[in-house]
Amino acid sequence: MTTSPLSVQLYTVREALQDDLQGTLNKLAEVGFTQVEPFAFTNFPGLGEALSSAGLSAPTVHVHFLGESDEDIAGIFDAARELGIQTVIDPHAPDELWKTAEGIDGIAAQLNHAAKLAAERGLRVGYHNHAHEFENKIDGQNGLEYLASKLDPEVVIELDTYWVAVGGENPVDVLGRLGDRVVALHIKDGPATKETKDQVAVGAGSLPIREIIEAAPNALRVIELDDSRDNRFTAVADSFAFLTKEGLA
């Protein structure tokens with residue numbers, strides 16, 4: 001079995017994960033993955049044991065914590081630390097909050113506060129974008145980059161490069177401006193439409209995958225499909241094979 005620093009967002013295989021947690025993780029390990037990115041990880045009892053049994057680690061995780069109480073956030077972070085997770089990423093803040101500077105300032109304040117709670121546990125926090133952060137502008141600047149300007153240095157970004165393109169911007173350019181703030185990439189492919197079923201295996205769509213990865217060479221590369229008309233597990237395996245063959249893994 002070959003190994004790679006590539007990761008995969010488990011939401012891609014969510015149905016299989018619900019039906020057979022251990023079996024699905026084992027299949028991902030057989031593809032060659034050594035890392036995965038869980039979602040809503042507290043909803044999967046036994047996840048830690050299943051990851052260990054499959055020989056997988058989870059350096060990053062998606063879970064909602066924005067707007068939660070300090071007590072609830074602390075519980076999430078404690079659970080993450082027990083699983084060996086290093087970066088806890090909130091995957092979504094609602095569109096309406098991105099329409100004004102005040103709304104984005106509020107998101108930044110919550111992330112900065114959460115980062116302090118995370119640091120007490122040896123963790124860091126991040127934010128993951130969709131398209132609306134780029135569709136909404138503050139004084140001509142997209143919402144995500146405005147957010148980044150308000151974040152403490154400890155808060156990181158996982159850039160979903162596909163949704164950047166859907167939002168109307170070039171992900172390579174955005175990566176150039178955000179620089180080291182971006183510690184992880186969601187790598188996906190397709191025609192950059194809002195129809196998630198249009199997404200395909202990495203290398204089979206129109207996104208400039210090589211240029212994206214070369215723009216953030218130190219960022220973790222996380223394969224994901226929100227949905228697809230093709231079999232998503234097959235698309236994940238094909239994505240892994242493409243990135244490995246192209247020397248991008």
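A salt bridge is here a side-chain nitrogen of Lys or Arg within 4 Å of a carboxyl oxygen of Asp or Glu. The exercises below apply to a predicted model.

**Exercise 1. Salt bridges**

Determine how many salt bridges the whole structure holds, which residues are linked in a network, and where the partners of Asp78, Lys137 and Lys188 lie.

Solution.

Step 1. A search of the whole structure yields 19 salt bridges. A network of such bridges links Arg14, Glu15, Lys197, Asp227 and Arg232.

Step 2. Consider Asp78, whose salt-bridge partner is Arg121; their closest N and O atoms are 2.6 Å apart. Asp78 belongs to helix α4 (residues 70–82), whereas Arg121 lies in the loop between α5 (101–119) and β4 (124–128), so the pair, 43 residues apart, links distant parts of the chain. With a relative accessible area of 27%, Asp78 is partly exposed; Arg121, at 18%, is buried, the cut-off for burial being under 20%.

Step 3. Consider next Lys137, which forms a salt bridge with Glu169, the closest N and O atoms being 3.1 Å apart. Here the pair links strand β5 (residues 137–138), which holds Lys137, to the loop between α8 (161–166) and α9 (171–178), which holds Glu169; the two are 32 residues apart. Lys137 is partly exposed, with a relative accessible area of 40%, and Glu169 is buried, with 18%.

Step 4. Finally, the side chains of Lys188 and Asp160 meet at 2.9 Å, N to O. Lys188 is in the loop between β8 and α10 (209–215), and Asp160 is in strand β7 (residues 156–160), 28 residues apart. Both Lys188 and Asp160 are buried.

**Exercise 2. The sheet and strand β7**

Establish the strand order of the open sheet, identify the strands at its edges, and describe the surroundings of β7.

Solution.

Step 1. The open sheet has seven strands with parallel pairing, in the order β1-β9-β8-β7-β4-β3-β2. Because β1 (7–8) and β2 (60–62) each have a single partner strand, they stand at the edges, and one side of each lacks a neighbour in the sheet.

Step 2. On one side, β7 pairs with β4 in the parallel sense over three bridges, and Tyr127 has Ile157 of β7 as its bridge partner. With β8, β7 pairs in the parallel sense over four bridges; Leu159 has Leu185 of β8 as its bridge partner.

Step 3. Strand β8 (residues 182–187) is in turn joined to β9 (residues 220–223) by four bridges, the two running parallel. Within this pairing, Ala184 stands opposite Leu220 in β9.

Step 4. From β7, Val156, Glu158 and Asp160 point one way, and Ile157 and Leu159 the other way. Five of the five residues of β7 are buried, so the strand is largely enclosed by the rest of the structure.

**Exercise 3. The nonpolar cores**

Identify the residues that touch the most other members of the largest nonpolar core, and locate a second core.

Solution.

Step 1. In soluble globular proteins, nonpolar side chains tend to be buried together.

Step 2. The largest nonpolar core has 80 residues, of which Leu25, Leu28, Phe65, Phe77, Val88, Leu147 and Leu159 touch the most other members. Helix α5 gives the most to this core, with eight residues.

Step 3. Leaving aside neighbours within four places in sequence, Leu25 is in contact with Leu10, Leu17, Leu47, Ala50, Leu51, Ala54 and Leu56.

Step 4. A second, separate core has five residues, including Val156, Val183, Leu220 and Val222.

Conventions: Residues are numbered from 1 along each chain as its sequence is written. This is a predicted model: local features need pLDDT of at least 70, side-chain atom pairs count only at pLDDT 80 or more; totals for chains, interfaces and linings use all residues. Side-chain values use heavy atoms; hydrogens and water are left out. Two strands pair if DSSP finds at least two bridges between them. Buried means under 20% relative accessible area, exposed over 50%, partly exposed in between (1.4 Å probe, protein chains only). A nonpolar core is a set of buried Ala, Val, Leu, Ile, Met, Phe, Trp, Tyr and Cys residues joined through side-chain atoms within 4.5 Å. Contact means heavy atoms within 4.5 Å.
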